[in-house]
Amino acid sequence: MSYDVIGMGIVIISIMLALGKWIRIRIPLMQRLFLPSALIGGFLALLLGPGVLGRVTQDLFGEGFLENGLFTSGIFEVWGAMPGLLINVVFAGLFIGFRIPNVKEILRIGGPQIAFGYTLSWGQYVVGIGLCLLFLTPVFGLPPGAGALIEIGFVGGHGTAAGMQNTFNQLGFEAGYDLAVGLATVGVLSGVIAGVILLNWGVRRKKTRVLQKPEEISVDAQLGINEFDARDPAGKMTTSPTSIDPLTFHAALVAIAVFLGYVLLEALKWLESVTWGAWSDVYIFEYVPLFPLAMLGGIIVQMTFTKFDKYDLIDRGLINRIQGLSLDLLIVSALASLELSVLGTYFIPFVVLAVSGIALNVLGFIYLAPRMIPSYWFERALGDFGQSTGVAATGLLLMRVADPGNKSPAFTAFGYKQILFEPMVGGGLVTATALPFIYQFGAIPVFIVVTVLMIAFMLLGLLHYGRKKEE
């Protein structure tokens, strides 16, 4: 593959993103649904590619005519590789520039979110693995590892699904990648759409404490454009461009975090090969992707700068912009390279997993959240619902709509939750190792463990945090 093809693949993906934003502005339905421009652009690229346009032209004009749609096979090869690389950038930057408070403060403010979020995440494993044991594996022949797809696609999202492509391939479940990306797409769509429906329901039923009427949702929020007076700076110039541009410096920090993650992963693979792997022929880290270790690399970078940086050089805003760019490109490329034929082959299992995941999250929000979160339960749980259905960005989007003035503790509690949540699930170590554990030890032992964990966190929320007085 030539460098020109790689460059053109990135150029076209960027054009799809711009077209997605233009469509969002021009079509009122897209605004009311709060669909991210990356999702719209990804669908546009999918429609113009071999899976839709290419198939239509083949049927109408015969083989060879626009078989790849408006793109080339080389560009699709670039798009197929991009998500697995970009997710490392997203996870490497999770904790760079983020002040990590003490555990007592985290649990005091973010404890209810931690209990509720973990209940939903473990519940997704319980539902997914249970469906495979009872129905999907014996009837449709899906491997037991498919039980992890709901959590990978919903809480993990497109990036986690893409980052685990090699894991799926190594374990002989190649279709798992496309199913996970498909579930991530359903997750984002259902998270935003169901979240907006729940928001309107909450306002009308007087369950919200910030918004009082659905009409209070601003037009600018629907357009996805910030008002002129509310446009915060994207980042601070912590270094002088005469020495190194601030964006370059922060990109270098993210790269260092990814490299540290790579070193950690290789060290763990070596340790595994000379210890329990050599003794029992059981391998876990051999199948673990890089991105959760890149997150640990980011934590090492942040801890180092916290201790030795007397100039306060890291700006969280610039790290957010690097993550945001990577995530937007990741979503478009993952959707554009989706194999629709796989979804057709496993259509019924795919629908069963998607509907079950959505139902679990909606029921958890309506029945568990009010009993687990003592104050501002609706605004706070809406962020957790968004994350459990369509990654953290969806949760933040819903919270901004429900609490545009940041009058509730929702954003602070949600941020504190991530410190003890992201390293484990939603793309963390548990998400990365769940598939290898299922394949190495079987679905039933893993099902028992996740069931116990789900019940434990549910009881923690109901009996401890839910009974606390409102702060």
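D312 sits in the loop that links α13 (291–308) to α14 (316–336), and that loop is a handy place to start looking around this predicted model. D312 has a positive phi of about 55° although it is not a glycine. Most residues other than glycine have a negative phi. D312 is also exposed, since its relative accessible area of 61% is over the 50% cut-off.

K206 tells a similar story. Its place is in the loop between α9 and α10, and K206 too has a positive phi, about 60°, without being a glycine. With a relative accessible area of 63%, K206 counts as exposed.

Now stay in that loop and look at T208. Is T208 buried or exposed? T208 is buried, because its relative accessible area is 8% and the cut-off is under 20%. The loop holding T208 runs between α9 (175–204) and α10 (219–223). Setting aside residues up to four places away in sequence, T208 touches L199, G202 and V203, plus F378 and E379.

Another loop residue worth a visit is I373, found between α16 (347–372) and α17 (377–402). I373 counts as buried, at 2% relative accessibility. Which residues does I373 contact, leaving aside its neighbours within four places in sequence? They are P112, Q113, R380, A381 and D384. I373 and R467 are 94 residues apart in sequence, yet their C-alpha atoms are 8.7 Å apart in space.

Here are the four loop residues side by side.

| Residue | Relative accessible area | Buried or exposed |
|---|---|---|
| T208 | 8% | buried |
| K206 | 63% | exposed |
| D312 | 61% | exposed |
| I373 | 2% | buried |

Time to step back and take in the whole chain. How many helices and strands are there in the chain? There are 20 helices and 0 strands. Is the chain as compact as a globule would be? For 471 residues, a compact globule would have a radius of gyration near 23 Å, and the chain has 22 Å, so the two agree. Taken along the principal axes, the C-alpha atoms fill a box of roughly 65 × 55 × 50 Å.

Contacts fit into the picture as well. Of the contacts in the chain with a separation of 6 or more, 77% are between residues 24 or more positions apart. Buried residues make up 52% of the 471 residues.

What about the inside? The largest nonpolar core has 111 residues, and those with the most contacts inside it are W79, W122, L149 and F168. Helix α6 (residues 103–140) gives the most to this core, with 14 residues. There is also a second, separate core of 12 residues, including I96, F249, V258 and I319.

W122 deserves a closer look. Not counting residues up to four places away in sequence, W122 touches V425, V430, V450, L453, M454 and F457.

Finally, the outside. The accessible surface of the chain comes to about 21200 Å², and 66% of that belongs to carbon and sulfur atoms. As for charge, the chain has 29 positive and 31 negative side chains. The centres of these two sets lie 15 Å apart.

Methods:
Residues numbered from 1 in each chain as written. Predicted model: local features only at pLDDT ≥ 70, side-chain atom pairs only at ≥ 80, totals over all residues. Heavy atoms only, no water. Helix = DSSP H or I, 4+ residues; strand = E, 2+ residues; numbered from the N terminus. Buried < 20%, exposed > 50% of the residue type's maximum accessible area, 1.4 Å probe, protein only. Contact = heavy atoms within 4.5 Å. Rg over C-alpha atoms; globule rule 2.2 N^0.38 Å. Areas by Shrake-Rupley, 256 points an atom, 1.4 Å probe, with all protein chains shown as cover. Lys, Arg positive; Asp, Glu negative; His and termini not counted. Charge placed at Lys NZ, Arg CZ, Asp CG, Glu CD. Core = buried A, V, L, I, M, F, W, Y, C linked by side-chain atoms within 4.5 Å.
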